[in-house]
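Here are some notes to read alongside the model, for anyone opening it for the first time. Have the sequence and the 3D view side by side as you go.

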Amino acid sequence: GIAKNIYDFAYSKGLYIIDTTCPKVKSLQKKIEEHVKSHNVIIIGNENHPEVKSYIAISDKVSIYKKGMNIYDYSYICNQTTLVYDEIIDIHKEILNTNPNVYIEEEICTATKERQFALKDAIERCDCIIVVGDKLSNNCNSLVSLGKDNHVDSYLVENIDDLKNTMDENGLGEIATIFVRYY
């Protein structure tokens with residue numbers, strides 16, 4: 001998701017846009033647009049993530065959640081779609097303990113949740129977790145974080161060379177050789 005002004009800028013330059021924004025993000029943008037008509041909104045997320053920037057750009061009535069902030073001026077709370085589900089639920093509980101009347105909407109993407117739950121189910125059988133994906137992807141970084149939080153060596157790699165280097169640097173060269181051989 002990106003901010004509306006970025007679309008507007010692209011259109012003003014005569015660019016043709018193919019919008020591949022996740023439907024969940026689009027839906028949340030619309031919900032926030034509706035809520036800011038009459039409420040202040042808190043978004044839980046990484047303030048440097050494009051998705052969160054798109055929400056903040058909707059209105060000056062949208063703020064990023066910070067632990068300990070006064071939430072009594074807010075009546076709607078939602079979250080970035082690619083965060084760690086368990087961490088979001090903990091934050092929601094903490095907020096509800098402070099203000100039980102606030103409306104909180106859990107907005108973790110279904111695919112993100114499923115990947116996290118699958119990893120949690122398998123984590124006890126893991127000696128090492130290797131996530132293959134974009135290093136800027138919040139989904140990928142969340143999976144690595146989940147592994148590390150459960151005391152399992154976890155790595156994010158983007159390609160086969162990255163995998164080999166990561167494994168060599170961490171004394172896991174034999175594993176890397178097996179992966180490279182079957183790649």
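**Notes on the model**

1. Let's start with the cysteines: a search of the whole structure turns up zero disulfides, a disulfide being a pair of cysteine sulfur atoms within 2.5 Å. Before going on, a word on the ground rules: this is a predicted model, where local features need pLDDT of at least 70, side-chain atom pairs count only at pLDDT 80 or more, and totals for chains, interfaces and linings use all residues. Residues are numbered from 1 along each chain as its sequence is written, and side-chain values use heavy atoms, with hydrogens and water left out.

2. Why is there no bond at Cys-22? Its sulfur is 5.0 Å from the closest cysteine sulfur, which belongs to Cys-109, and that is too far for a bond. Cys-22 has 30% relative accessibility, so it counts as partly exposed. On the cut-offs used here, buried means under 20% relative accessible area, exposed means over 50%, and partly exposed is in between (1.4 Å probe, protein chains only).

3. Cys-128 tells a similar story. Its closest cysteine sulfur sits in Cys-126, 8.6 Å away, which is too far for a bond. Cys-128 also counts as partly exposed, because its relative accessibility is 24%.

4. Now for the overall layout. The chain has eight helices and six strands; helices (H or I, at least four residues) and strands (E, at least two) are DSSP runs, numbered from the N terminus. If you walk along the sequence, the pattern is α-α-β-α-β-β-α-β-α-β-α-β-α-α. The C-alpha trace spans about 60 × 50 × 25 Å along its principal axes.

5. How much of the chain is buried? Of its 183 residues, 38% are. As for contacts (heavy atoms within 4.5 Å), take those between residues at least 6 apart in sequence: 61% of them join residues at least 24 apart.

6. The helix pair to look at is helix 5 (residues 110-122) with helix 6 (residues 138-149). Their axes come within 10 Å and cross at roughly 25°. Axes here are lines fitted to C-alpha atoms, for helices over the stretch in contact, and angles run from 0 to 180 degrees between N-to-C directions. Helix 5 and helix 6 are therefore roughly parallel to each other; angles under 35 degrees get that label, over 145 is roughly antiparallel, 65 to 115 roughly perpendicular, and the rest oblique. The crossing of helix 5 and helix 6 is right-handed, meaning that the near helix is turned clockwise from the far one by less than a right angle, whereas anticlockwise would make a crossing left-handed.

7. Which residues of helix 5 and helix 6 meet? Helix 5 brings Thr-112, Arg-115, Gln-116, Leu-119 and Lys-120, and helix 6 brings Asn-139, Ser-142, Leu-143, Leu-146 and Gly-147. The residues of this contact divide into three nonpolar, five polar and two charged. In that scheme Ala, Val, Leu, Ile, Met, Phe, Trp, Tyr, Cys and Pro are nonpolar, Asp, Glu, Lys and Arg are charged, and the others, Gly among them, are polar.

8. Stay with helix 6 a moment, as Asn-141 lies there too. Asn-141 is partly exposed, with 34% relative accessibility. Leaving out residues up to four places away in sequence, Asn-141 touches Lys-135, Leu-136 and Leu-156. Ser-154 is 13 residues from Asn-141 along the chain, and their C-alpha atoms are 10.0 Å apart.

9. Just after that, check His-151, in the loop between helix 6 and strand 6 (153-157). Its phi is near 60°, a positive value in a residue other than glycine. Is His-151 buried or exposed? It counts as exposed, at 74% relative accessibility.

10. Glu-158 is in the loop between strand 6 and helix 7. Setting aside neighbours within four places in sequence, Glu-158 is in contact with Gly-133, Asp-134 and Lys-135. At 42% relative accessibility, Glu-158 counts as partly exposed.

11. Last, try His-35, in helix 2 (residues 23-35). Its contacts beyond four places in sequence are Val-41 and Tyr-76. His-35 counts as partly exposed, at 22% relative accessibility.
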